[in-house]
Amino acid sequence: MYTEQGFIDSDLNCADYLSSVTSFSEYQCQEYIDEMFGMDTGFADRRINFLSGGEKKRLEIGAYILQNQDIIILDEPTVSLDEYTVNVLLEMFRNFHGSIIIATHDDHFRFANGFITKTIDTNGNLI
């Protein structure tokens, strides 16, 4: 599945959106949003078109994880995100059971213990 960054632009609330792209009920999606996203209560009921860019990115990546993809490929997933959101995403990635390929310049990934297993530099060298 391929989607461009920022594809979420809807009048749905967050839980309804996740429920529509996964096999989970709205209630399960509400629990997932509250627990995994590190968001305050009520976030699941917020309309997507009122979310910040970082919140939309979190929702988008959370949807990929809930869809049980085998491989997720991300290009610069942390661009323009605050420190808290980057850490939430790293935790989501640590809990993902598939493979994740990330193209990034973000140093957070260089020091992400328990997450990165292989790093390749721009010359194709395994670091």
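The legends below describe several close-up views of a predicted model of one protein chain.

**View 1. The overall fold of the protein chain combines five helices with two strands.**
Along the sequence, these elements follow the pattern α-α-α-β-α-β-α. The protein chain has 127 residues, and 38% of them are buried. Its accessible surface comes to about 7,800 Å², with 49% of that area belonging to carbon and sulfur atoms. Among contacts between residues at least 6 apart in sequence, 59% join residues at least 24 apart. The structure holds zero disulfides and two salt bridges.

**View 2. Helix α3 runs through residues 53-66.**
This helix has 14 residues and reaches 20 Å from its first C-alpha to its last. That span is close to the 20 Å expected at 1.5 Å a residue. Twelve of the 14 residues of α3 are buried, so the helix is largely enclosed by the rest of the structure. The buried residues of α3 include charged ones such as E55, K57, R58 and E60. Also buried in α3 are L59, I61, I65 and L66, together with Y64 and A63. The glycines G54 and G62 belong to the buried residues of α3 as well.

**View 3. R46 and E55 meet through their side chains in a salt bridge.**
Side chains of opposite charge can pair when their charged atoms come close. For R46 and E55, the distance from N to O is 3.3 Å. R46 counts as partly exposed because its relative accessibility is 31%. E55, with a relative accessible area of 15%, is buried. E55 is also one of the buried residues of helix α3. The view therefore shows a salt bridge with one partner partly exposed and the other buried.

**View 4. R94 forms a salt bridge with E91.**
The closest N and O atoms of this pair are 3.6 Å apart. Both residues belong to helix α4, which covers residues 83-94. Because R94 and E91 are three residues apart in this helix, about one helical turn separates them. R94 counts as partly exposed at 33% relative accessibility. E91 is partly exposed too, with a relative accessible area of 39%.

**View 5. N68 takes a positive phi just after helix α3.**
Most residues other than glycine have a negative phi. N68 is not a glycine, yet its phi is about 55°. The residue lies in the loop between α3 and β1. N68 counts as exposed because its relative accessibility is 61%.

**View 6. E76 is a residue other than glycine with a positive phi.**
The phi value of E76 is near 50°. E76 is placed in the loop between β1 and α4. At 18% relative accessibility, E76 counts as buried, because the limit for a buried residue is under 20%. A loop position and a buried state are thus found together in this residue.

**View 7. I71, I73 and I101 make a nonpolar patch on the surface.**
The area of this patch is about 320 Å². One of its members, I71, is found in strand β1, which covers residues 71-75.

**View 8. Q30 sits in helix α2, among residues 26-36.**
With a relative accessible area of 23%, Q30 is partly exposed. Not counting residues up to four places away in sequence, Q30 touches A15, A44 and D45. Q30 and S19 are eleven residues apart in sequence. In space, the C-alpha atoms of Q30 and S19 are 9.2 Å apart.

**View 9. The cysteines C14 and C29 are both buried.**
C14 has a relative accessibility of 0% and therefore counts as buried. C29 counts as buried at 1% relative accessibility. The structure holds zero disulfides.

Technical notes
Residues numbered from 1 in each chain as written. Predicted model: local features only at pLDDT ≥ 70, side-chain atom pairs only at ≥ 80, totals over all residues. Heavy atoms only, no water. Patch = residues over 30% accessible without salt bridge, like charges linked within 9 Å, V, L, I, M, F, W, Y side chains within 5 Å. Areas by Shrake-Rupley, 256 points an atom, 1.4 Å probe, with all protein chains shown as cover. Salt bridge = Lys/Arg side-chain N within 4 Å of Asp/Glu carboxyl O. Helix = DSSP H or I, 4+ residues; strand = E, 2+ residues; numbered from the N terminus. Disulfide = S-S within 2.5 Å. Buried < 20%, exposed > 50% of the residue type's maximum accessible area, 1.4 Å probe, protein only. Contact = heavy atoms within 4.5 Å. Expected span 1.5 Å × (residues − 1).
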